[in-house]
Amino acid sequence: MFKFLKIYQLLFLRLIFILSVAGISIFIFQKGLLFSALFGLLVLFLLLVEMYFYIKKAFLIYDRTITSILQNDFTSDFSKHKSYQNYSSLFKLYERLKNKENEQVSKDIVYRSILNTIETGIIILQKEENEWNIFLMNDYFSKHFDVPKVSKWKYLKNHLSSLCEIIEQQDFQEIKTSLEIRVNKQDTQTFVMQTSRSEIFNQDYFIVLLDSIQSVIEKKEKEAWVNLMKVISHELLNSITPIRSLSQNLQELVQQETISAEDLDDMKSSVSTMLRRSDHLQQFVESYRKLAMLPSPKKEKIELSKWIENSFQIMLPICKQEQIEVHNTIAFDSRLDIDPQQMEQVLINLLTNCIYALSNAEKKQIIISAEVKEKRIFIMITDTGKGIEKEIESKIFLPFFTTRKEGAGIGLTLSKSIVEAHGGYLAYKNDDGKTAFVICLVDN
C-alpha cells in the first residue's frame, strides 16, 4: 500500500516513526531499562541512516533527470521506473521535453534536406562572442565551389577569399551585389550574392545566398525554347496532318481508271483545302520570320502626345464602329527617343487587344494614362473588359499563343520585343479587375 504514497507522505511517515522510537527510548531510559534504551537508540540510528539514503536517492533521481534535460540527453526511458508514480510530474515533463526535442530534430533534418536539394549556394553564419562560425553550408555550395564543410570562418576565407572579403568589407551587413568566383579551378563565373542578417533568441545569424547568373539564364532560355517548340510543333501539325491526309486521298483518286464527277468534286475540294492550309502555314512562317528578324529601331525625337495621337487616328474608326469610348487622360507632354513606326505598332497591337476584350462588355471604355517616375515614363492602356484569366497570364507574351480564332498570336510578343529594343519593358497587371498594359520607356 505504501508504494502509492507520494514522497512527502513517505517522508512524513518516516519522521513520525523516528520521533516515536525516540520518545519510546527516552521513556524506557527514564524507567531505568538501560539496555532496552540503548537498543532503542540503535534502532533510531538505523532509521536515521535509512532516511538519509531515502532522501539521497530521491534527490539523485531529480538531479539525474534535470541534468539529462539540461544536456539534451533524452536517451533514458523512465516509463518503466519502479518509482514512476512517485515522480510522475517530473517524468511527464521529461517525456514532453523529449518529444519536443525529437520533433525539433525531425524538423531540422527536413529543413537541412530541403536546403541541400536547392540549386543555390547557401551559407548560414552564427556569431559566437566576437567570431563568426559556419552554422550551415548546403551541399550545392560545398560541391559547386569545391569547399569542404568547414566550421570556422577563417577556414572558408582560405578557399573563397573574394567572397569573404566583400562580406567583411560590408561588416556583415545586408547587401545585394554581383561578384566573379572561379569554380573548380575553371573559368570564373558571375554570381548574384544576396545576404541578410537576423537575431533570434539573442543569437546573431548571417545568411548568404549565391545564384549563378549563367545557370539562371540557361534555365530561362531552355524554358522559353520548350514553350516555343510546343507552339510551333502544334501549329505545324495542325496544317501538315490534314494536308497529308488529303494528299493520300488524292493519290487514291488519281490511281482509278476512271474519275467520276463526284470524285472530281472531291479532288477540287481537297486541293482547295490544301491551298487554304498551305496559306495558313505560309502566314505562320511569315509571322515567325517577322518576329525573329525584328529590325533595329530607327530612333528620333517625338512628342508623347503626337505618338499617342497618330496611333489613335488609325484605330479611331474601329472604336467608333464598336461604340468604344477612348479617354486620353495624359495631362503633360514629354519628348521620347523612339522609332515612331515601331512604337505606333505597339499601341495599335495593344488597342486591338482592348477592342477584342470589350466585344461583350457592358461598359466599353479604353483609358490612356501616364506618369513619370525616376526618369522613366510609364504609359498605361486600361480597358473595362473582363480581364485576362489567371491560368493564362503567364502565357500571354509567348509567341503564337492566342485565345482568338483569327489571331496569329504574335501581337503581344512583337510589342514586347519592340519595347525591349527601345530599352524599356512591357508588362501586364490586373488593376481593380481591369486589364492594364504598362509600357515603360526612358524619359528624355
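Buried means under 20% relative accessible area, exposed means over 50%, and partly exposed lies in between (1.4 Å probe, protein chains only). The model is predicted: local features need pLDDT of at least 70, side-chain atom pairs count only at pLDDT 80 or more, and totals for chains, interfaces and linings use all residues. Residues are numbered from 1 along each chain as its sequence is written, and side-chain values use heavy atoms, leaving out hydrogens and water.

**Exercise 1. Salt bridges in helix H3**

Find the salt-bridge partner of Glu 103, and say how the pair is spaced in helix H3.

*Solution.*
- Start with the rule: a salt bridge is a side-chain nitrogen of Lys or Arg within 4 Å of a carboxyl oxygen of Asp or Glu.
- Side chains of opposite charge can pair when their charged atoms come close.
- Glu 103 pairs with Lys 107, with the closest N and O atoms 3.6 Å apart.
- Next, the spacing. The two residues are 4 apart in helix H3 (residues 88-117), so about one helical turn separates Glu 103 and Lys 107. Helices are DSSP runs (H or I, at least four residues) and strands are too (E, at least two), numbered from the N terminus.
- Check the accessibility. Lys 107 has 36%, so it is partly exposed. Glu 103 is partly exposed as well, at 42%.

**Exercise 2. A second pair**

Which residue forms a salt bridge with Arg 112?

*Solution.*
- The partner is Asp 108, with a closest N to O distance of 3.1 Å.
- Arg 112 and Asp 108 also lie 4 residues apart in helix H3, about one helical turn.
- Arg 112 is partly exposed at 30%. Asp 108 is partly exposed at 32%.
- By the salt-bridge rule, the count comes to 9.

**Exercise 3. Gln 365**

Is Gln 365 buried or exposed? Which side chain does the side chain of Gln 365 join in a polar contact?

*Solution.*
- Locate the residue: Gln 365 is in strand E9 (residues 365-373).
- Its relative accessible area is 15%, so Gln 365 is buried.
- A polar contact is a pair of N or O atoms within 3.5 Å; within protein, one must be able to donate a hydrogen and the other to accept it, and residues adjacent in sequence count only if both atoms are side-chain atoms.
- The side chain of Gln 365 makes such a contact with that of Glu 325, at 3.2 Å.

**Exercise 4. Cysteines**

How many disulfides does a search of the whole structure find?

*Solution.*
- A disulfide is a pair of cysteine sulfur atoms within 2.5 Å.
- The search finds 0.
- Take Cys 319. The closest cysteine sulfur, in Cys 354, is 8.8 Å from its own, too far for a bond.
- Cys 319 is buried, at 4%.
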